[in-house]
Amino acid sequence: MAAVGKLEKPEVEVLDLELADLPEDLRWREWMNRIEAVIFASTSVVQRDMLQKVVGRSANIELVIEDIQAELKGKPYEIVSVAGGWMFKTRAPYAAAIRAAADRGERHDDFTKDELAVLCAVAYHQPIDRAGLADIFGKEINRDLLNRLRYKKLIGNGPKSPRPGAPHTFVTTSEFLATFDLQSLRDLPELEV
């Protein structure tokens, strides 16, 4: 008779990372499948430390991903390196088909002109506070505009500003890098002065 009120602990699934029992080719295939599955299931950039949790220490993640990328040639999607990690992206020639299926039109309305200008200022001058943005634009930046950029996860909070009152600053996020296909902020185009 089971004890009343006693809860059974759920079994913890242990993932065999090294797969030492498998022949080398099958081990490699399993690592490819795991990495592809993790990247496929993620809605954001997957960093190396996340992938290292599903493959053994002897797995070279770059080589595994290169093999996956080779298999995906000819597919309408690919795994790309972005923001220090990897993610699935559809290939550019299929953008029109995706827009047509989603009935989204040309999507030039993703960002307003003001949103793009502020996003650009944050990207090039980060960390920057609202006063710094006001210095650049010659006027106060609307909080709603900044909140829309936060909602889109393109900017986040940076360190406190050294100005009196220590206002918080804004910085771009990894989502910003992924949205604009940048590996790092060093890939931003040079500003023409």
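This briefing describes selected features of one protein model, grouped by topic. The model is predicted, and what follows concerns a three-stranded sheet with its hairpin, two packed helix pairs, and several individual residues. The sheet is open and antiparallel, with its strands in the order E1-E3-E2, and helix H3 packs on it. Helix H3 also packs against helix H1, so that the description of the sheet leads on to that of the first helix pair.

**The sheet and its hairpin**

- Three strands make up an open sheet, arranged in the order E1-E3-E2 and paired in the antiparallel sense; its edge strands are E1 (46–47) and E2, each of which pairs on one side only.
- Helix H3 packs on this sheet and touches both E2 and E3, and the direction of H3 makes about 150° with that of E2.
- Strand E2, covering residues 77–82, and strand E3, covering residues 85–90, are paired antiparallel over six bridges, and Ser81 has Trp86 of E3 as its bridge partner.
- The two strands E2 and E3 form a hairpin in which two residues lie between them.
- Ala83, which lies in the loop between E2 and E3, has a phi near 50°, a positive value in a residue other than glycine.
- Ala83 counts as buried because its relative accessibility is 11%, where buried means under 20%.

**Lys89 in strand E3**

- Lys89 belongs to strand E3 and, with a relative accessibility of 22%, counts as partly exposed.
- When neighbours within four places in sequence are left aside, the residues in contact with Lys89 are Pro76, Tyr77, Glu78, Val80, Ala178 and Asp181.
- Pro76, one of these contacts, stands 13 residues from Lys89 along the chain, and the C-alpha atoms of the two are separated by 8.7 Å.

**Helix H1 against helix H3**

- Helix H1 (residues 24–41) packs against helix H3 (residues 61–72) at an angle of about 80°, and the axes are 9 Å apart; this angle makes H1 roughly perpendicular to H3.
- On the H1 side the contact is made by Trp28, Arg29, Trp31, Met32, Ile35, Glu36 and Ile39, while H3 contributes Ile61, Leu63, Val64, Ile65, Asp67, Ile68, Glu71 and Leu72.
- Sorted by class, the contact of H1 with H3 contains eleven nonpolar and four charged residues, with no polar ones.

**Arg34 in helix H1**

- Arg34 is placed in helix H1, and Arg34 counts as buried because its relative accessibility is 12%, where the limit for buried is under 20%.
- A polar atom of the Arg34 side chain lies 3.0 Å from the backbone oxygen of Val54.
- Apart from neighbours within four places in sequence, Arg34 is in contact with Leu15, Asp16, Leu17, Leu19 and Val54.

**Helix H5 against helix H7**

- Helix H5 (residues 113–125) and helix H7 (residues 143–151) pack with their axes 10 Å apart and at an angle of about 75°, and these two helices are therefore roughly perpendicular to each other.
- The residues making the contact are Asp114, Glu115, Val118 and Leu119 from H5, together with Leu145, Leu146, Arg148 and Leu149 from H7.
- By class, the contact of H5 with H7 comprises five nonpolar and three charged residues, and no polar ones.

**Backbone features in other loops**

- Gln126 and Pro127 are joined by a cis peptide bond, for which omega is about -5°, and Pro127 is located in the loop between H5 and helix H6 (130–137).
- Ala166, located in the loop between strand E4 (155–160) and strand E5 (168–172), has a phi near 45°, which is a positive value in a residue other than glycine.
- Ala166 is partly exposed, its relative accessible area being 31%.

Notes
Residues are numbered from 1 along each chain as its sequence is written. This is a predicted model: local features need pLDDT of at least 70, side-chain atom pairs count only at pLDDT 80 or more; totals for chains, interfaces and linings use all residues. Side-chain values use heavy atoms; hydrogens and water are left out. Two strands pair if DSSP finds at least two bridges between them. Helices (H or I, at least four residues) and strands (E, at least two) are DSSP runs, numbered from the N terminus. Axes are lines fitted to C-alpha atoms, for helices over the stretch in contact, and angles run from 0 to 180 degrees between N-to-C directions. Angles under 35 degrees count as roughly parallel, over 145 as roughly antiparallel, 65 to 115 as roughly perpendicular and the rest as oblique. Contact means heavy atoms within 4.5 Å. Ala, Val, Leu, Ile, Met, Phe, Trp, Tyr, Cys and Pro count as nonpolar, Asp, Glu, Lys and Arg as charged, and the others, Gly among them, as polar. Buried means under 20% relative accessible area, exposed over 50%, partly exposed in between (1.4 Å probe, protein chains only). A polar contact is a pair of N or O atoms within 3.5 Å; within protein, one must be able to donate a hydrogen and the other to accept it, and residues adjacent in sequence count only if both atoms are side-chain atoms.
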